Amino acid sequence: LLSDPAVYVEVALYGTADDDFKLLLVSEHDDIVNELKVVTKFVERTTGLESEVRLINGGLWKKQENFRASHPYSPDDYDKTSPLEQWKSQHPLGLQIITQMETENPLSKDVLTKSLRRASKRFQLVKIEEYDDLGDGCVLMATWREGSVFVLWDGRGHVDINLFAYEGLDSQKVKHFNYLFRSGTTLSTVLYDEQPRGFGRVVSYKHDFDPDVEPHWAQGK
């Protein structure tokens with residue numbers, strides 16, 4: 001397929017095990033979806049087979065040389081009422097970080113407990129609890145006044161770390177926490193994801209958000 005409106009379609013037709021096959025279509029029809037409905041219903045009615053659309057690939061959009069829009073639109077042309085209401089409804093309370101680590105070498109509950117204690121010293125922990133009575137691996141939970149850490153080990157080479165804090169946490173401190181947790185092991189980070197937490201459809205970090213200041217996209221021209 002070179003360009004729109006060319007379309008390539010694969011339809012699986014099946015009944016008994018001996019009747020299974022594919023119907024391959026190439027079309028330049030502008031309304032391929034509705035036409036496809038007509039074709040598949042006709043095939044089902046005349047053959048007794050069932051159909052399933054597996055693939056629809058469209059051609060590339062045709063390039064229009066020296067194209068000029070009849071009316072160029074900018075962000076100022078859109079109604080910002082709803083997104084601004086959502087923005088102002090935010091109440092970010094803290095920061096959550098999900099980290100996944102893996103290794104091909106053996107791990108144990110004792111090794112991970114030591115890693116958690118070493119990495120969590122700066123948080124003035126209240127306590128660390130261990131749960132290992134269900135399935136392989138274990139769950140370690142550390143809590144302090146401003147947050148918590150959950151460590152989930154699958155009993156093999158995968159570890160999930162769920163870290164949350166209301167205050168005193170940023171990207172650099174989390175990376176230092178992960179560095180201390182990995183120390184003394186062959187664990188390596190395979191996923192790192194951080195997001196603000198709170199209520200009111202939070203999308204902004206606490207340190208970036210000021211409810212009394214409008215975002216730049218909501219300000220006038």
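Strands β7 and β8 pair up in the antiparallel sense, with 7 bridges holding the register in this predicted model. One of the pairs puts Trp 153 across from Val 159, its bridge partner in β8. The two strands make a hairpin with 4 residues between them, and the turn includes Gly 155, whose phi is positive at about 90°.

On to the other partner of β8. Strand β4 pairs with β8, again antiparallel, over 8 bridges; here Thr 99 has Ile 161 of β8 as its bridge partner. As for solvent exposure, β8 is mostly covered, with 6 of its 8 residues buried.

β4, spanning residues 91-102, is also joined to β9 by 11 bridges, and these two strands run antiparallel as well. Within that pairing, Gln 96 stands opposite Gln 195 of β9.

Put together, the sheet is an open one of 6 strands, in the order β5-β6-β7-β8-β4-β9, with antiparallel pairing. The two ends of that order are β5 (127-131) and β9 (188-199); each has a single partner strand, so one side of each is left without a neighbour in the sheet. Going from one strand to the next, the twist averages 15°. As a general point for anyone looking at the faces of such a sheet, side chains in a regular strand alternate between the two faces.

Now for the helices. Helix α3, residues 109-119, lies across four strands of the sheet: β5, β6 (138-144), β7 (147-153) and β8 (158-165). Its direction is at about 20° to that of β6.

α3 also meets a second helix, α4, which covers residues 171-182. The two axes come within 8 Å and cross at roughly 145°, and the crossing is right-handed. On the α3 side, the contact is made by Leu 112, Ser 115, Leu 116, Arg 118 and Ala 119; α4 brings in Phe 177, Leu 180 and Phe 181. Sorted by class, that contact comes to 6 nonpolar residues, 1 polar and 1 charged.

Back at the sheet, then, β8 has antiparallel partners in β7 and β4, and α3 lies across β8 as well.

Technical notes: Residues are numbered from 1 along each chain as its sequence is written. This is a predicted model: local features need pLDDT of at least 70, side-chain atom pairs count only at pLDDT 80 or more; totals for chains, interfaces and linings use all residues. Side-chain values use heavy atoms; hydrogens and water are left out. Two strands pair if DSSP finds at least two bridges between them. Axes are lines fitted to C-alpha atoms, for helices over the stretch in contact, and angles run from 0 to 180 degrees between N-to-C directions. Contact means heavy atoms within 4.5 Å. A crossing is left-handed if the near helix is turned anticlockwise from the far one by less than a right angle, and right-handed if clockwise. Ala, Val, Leu, Ile, Met, Phe, Trp, Tyr, Cys and Pro count as nonpolar, Asp, Glu, Lys and Arg as charged, and the others, Gly among them, as polar. Buried means under 20% relative accessible area, exposed over 50%, partly exposed in between (1.4 Å probe, protein chains only).
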